[in-house]
Each structure stands twice: as C-alpha cells, then as structure tokens.
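Please look at the sequence and the structure shown below, and keep both at hand while reading the report that follows. The headings take up the metal sites, then the spaces in the protein, and then some details of the backbone.

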Amino acid sequence: MYWTNYHNHCHYCDGKASVKEHVMAAIDQQVASLGFTCHCPVPFQNQWSMPTGQIQAYLDEIDEARRMFADRIEIYKSLEIDYIPNIIAPNDRLIQAAGLDYTLGSVHFVGSFHDGTPWEIDGPHQQFLAGLQTIYRGDIRHVISEYFRLTRQMVREACPDVIGHLDKIKMQNRGLWDENADWYHKAWYHTLEEIKNSGAIVEVNTRGIYKKLSPEPYPGRAILHEMKKMGIPVQINSDAHRPEEITGRFSEVCELLLSIGIEKVKVLHKSEWISADLDKNGLKM
Ligand SMILES: [Zn+2]
Ligand SMILES: [Zn+2]
C-alpha cells in the first residue's frame, strides 16, 4: 500500500517547513508520489501567497529534492493557482512559462471590497461575515452562487488539471444556509456538469477535517455521490501546510470513497496521470 498527495504547501508560501522536510515526512508516511503546490504569487497583498520573484527558487529547490530522493519517491512541481477574473488564472503566461508538471486551480476570492481588494472567502469567519455584509448585503445565496459560477468560469476558460477544494466555502456555513436546499444543490450540480465535460480531476481535500472546520472532506458525500455517477475522476489530497499533515485523515476518506463506490483515484506515475486502485488502507501497488 502507498499514498499520493498533490496538494502541499512548503515555506515558500504559508507552509511551515522546507521542501526537504516535506519530502522526508512524505517518505515516512508511505507517500510514493508527491506534488508541491505553493500559493501562486498574486498582484495584491495577502498573508499566504508566495512573494513575486520566488517562483524560480521554489522550482529549483523541488528539482534538487527530486534528484536527491529519486530512488525513494516521485516528486512533482506545481502551484495552487487562484482564479480571479482579469487578475490571475491557471492558464496565465506566467504559469505556462513556469514549466509545471500539472496545475491545481482554486477559488479563494469572491468579489471585492470598494477599494478593489479581493474578498477572501476561506479566511477567519469574522472576515467572511464582514465581506458578506459589506459586499453582498448579507445575501449568502448570492455569494454561494458567485463562488460556484467562478468555479465554472475557471473550468471553461482556464481549466486546471486538478480542481482544488470544490465546496470549501461550506467551512463558513455556521447556520448561514441549508446545504439540502434546492438552490444550493443546483449551484454545485451545474458546476459538476461543467467539470465533467472538461476532463479535470477533482481533489478530495482532507484539510477541513483535520483542521476541524468541516466534518467531511471538500467536496462532501452528496457531491461525491453525483461525481461517481458522472464518472468524474478524483484524487485524495491533504492540502498540507506542515509535514505531519501530509496524509492527514486519508484512511477515513478512503473508506468514504469506497462506501460511495469510488474505487479508483488519479495518480502521477512517471509524469503521466494513471488510475490507481483504492483499498481501505491506501492505494494498491
Ligand atoms: Zn486553497
Ligand atoms: Zn492549498
């Protein structure tokens, strides 16, 4: 049995450890294939993105680790790229020029404040409530619709190889909306239809579980059920920001996927996406 993980942050962005520390911890945790995805630089101030100008050093350090650990683990270069229309997208020239092994695209921003600062929807809850009131006058339904509309737009116009934490906005749902409501179901269902046509992989992201922000992965059981019906490919990632998080909650998510009938995940092997068989203790050799 082995694991893979294609969503990891090291200290070039808001991750807490070096590339090498991540690689060594991954090997200890039976990870056979590991991808680095620091937050891509963005042209505005925030607490977590890689500073502009650091990309080459980041890629060089991953290349060095790849050579150093070549006989023990496969290592891949990527970035978690924001999708903010007219500001940044997974198909930007800067991204294409970086020579990444794959792209991971995520929506972290919905709308912007009056001064043009994009509103971060996965930060502290108080900050979420501030944007909800200031930008959307408390209309949560409008915010959610925008969030999924942006995801669809990213898939249509700048489709990444992997779609990050599809329903992460639910981490803010502390009684703000009913996840069984018809309008909510439609918002994500339309998004799945768009993804299905694109061929992109949807990650099953465990970070919300081990950070105690969500009892389910992103996306949760209801969405995974529909993904199974539509044949949308998945992979298990942890969105680790610390070495000890690399395989965080992987076993229980494996069991969840198997209980839904999802028995294969996409993994990188010799730089090609292939399907691997899931077992409750990991991926089968
Ligand atoms: Zn993210
Ligand atoms: Zn991330």
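## The zinc ion (ligand 1)

Along the chain, the donors of the zinc ion (ligand 1) follow the spacing E-x27-H-x56-H. In this predicted model, those donors are Glu 80 through OE, His 108 through NE2 and His 165 through NE2, and they coordinate the ion at 2.1 Å.

Glu 80 belongs to strand E3 (residues 74-82), while His 108 sits in the loop between strand E4 (104-106) and strand E5 (109-112), and this pair, 28 residues apart, links distant parts of the chain. Are these two residues buried or exposed? Glu 80 counts as buried because its relative accessibility is 0%, and His 108 counts as buried because its relative accessibility is 2%, where the limit for the word is a value under 20%.

## The zinc ion (ligand 2)

Which protein atoms are the donors of the zinc ion (ligand 2)? They are NE2 of His 7, NE2 of His 9, OE of Glu 80 and OD of Asp 239, and they lie 2.0 to 2.2 Å from the ion. Written along the chain, the spacing of these donors is H-x1-H-x70-E-x158-D.

The site also ties together parts of the chain that are 230 residues apart in sequence, because His 9 lies in the loop between strand E1 (3-5) and helix H1 (19-28), whereas Asp 239 lies in the loop between strand E9 (234-237) and helix H9 (250-260). His 9 is buried, since its relative accessible area is 0%, and Asp 239 also counts as buried, at 2% relative accessibility.

Why is the arrangement around the zinc ion (ligand 2) called irregular? The 4 donor atoms subtend angles of 80 to 173 degrees, whereas a tetrahedral label would require all angles to lie between 85 and 135 degrees. For orientation, the ideal angle at a metal with four tetrahedral donors is 109.5 degrees.

## How the two zinc ions are joined

The zinc ion (ligand 1) and the zinc ion (ligand 2) are 3.5 Å apart, and Glu 80 forms a bridge by coordinating both. The buried residue Glu 80 is therefore a shared donor, appearing in the list for the zinc ion (ligand 1) and again in the list for the zinc ion (ligand 2).

## The largest pocket and the largest cavity

The largest pocket has a volume of about 520 Å³, and 25 residues line it, with Asp 14, Asp 122, Lys 168, Arg 207 and His 241 lying nearest its centre. Sorted by kind, the residues of this lining comprise 11 charged, 9 polar and 5 nonpolar.

How many cavities of 30 Å³ or more does the structure hold? There is 1 such cavity, and the space in the largest cavity is about 40 Å³. Its lining is formed by Trp 3, Thr 4, Gln 235, Ile 236, Val 265, Lys 266 and Leu 283, and strands E1, E9 and E10 (264-269) each supply at least two residues of it. In this lining, 4 residues are nonpolar, 2 are polar and 1 is charged.

## Details of the backbone

Most residues other than glycine have a negative phi, and most peptide bonds are trans. Against that background, Arg 249 can be picked out, as its phi is near 65 degrees, a positive value in a residue other than glycine. Arg 249 is found in the loop between E9 and H9, and it is partly exposed, with a relative accessible area of 35%. Leaving aside residues up to four places away in sequence, Arg 249 touches Thr 206, Ile 209 and Tyr 210. Arg 249 and Ile 140, by contrast, are 30 Å apart in space from C-alpha to C-alpha, and they are separated by 109 residues in sequence.

Lys 270, which is not a glycine, also has a positive phi, of about 50 degrees. Lys 270 is placed in the loop between E10 and strand E11 (272-279), and it counts as exposed because its relative accessible area is 66%. Finally, the peptide bond from Tyr 218 to Pro 219 is cis, with omega near -5 degrees, and Pro 219 lies in the loop between helix H7 (207-210) and helix H8 (221-230).

Note on methods: Residues are numbered from 1 along each chain as its sequence is written. Chains are lettered from A and ligands numbered from 1 in the order in which they are written. This is a predicted model: local features need pLDDT of at least 70, side-chain atom pairs count only at pLDDT 80 or more; totals for chains, interfaces and linings use all residues. Side-chain values use heavy atoms; hydrogens and water are left out. Donors are N, O and S atoms within 2.8 Å of the metal (3.2 Å for Na, K and Ca); water is not among the atoms, so sites may look incomplete. Four donors count as tetrahedral if all angles lie between 85 and 135 degrees; four count as square planar and six as octahedral if opposite donors are over 155 degrees apart and all others between 65 and 115; anything else is irregular. Helices (H or I, at least four residues) and strands (E, at least two) are DSSP runs, numbered from the N terminus. Buried means under 20% relative accessible area, exposed over 50%, partly exposed in between (1.4 Å probe, protein chains only). On a 1 Å grid over the protein atoms alone, a cavity is a set of points where a 1.4 Å probe fits but cannot get out, and a pocket is an open set with protein on both sides within 12 Å along at least five of seven lines; lining residues have an atom within 4 Å of a point. Grid points are joined across faces, edges and corners, and a volume is the space filled by probe spheres set on the points. Ala, Val, Leu, Ile, Met, Phe, Trp, Tyr, Cys and Pro count as nonpolar, Asp, Glu, Lys and Arg as charged, and the others, Gly among them, as polar. Contact means heavy atoms within 4.5 Å.
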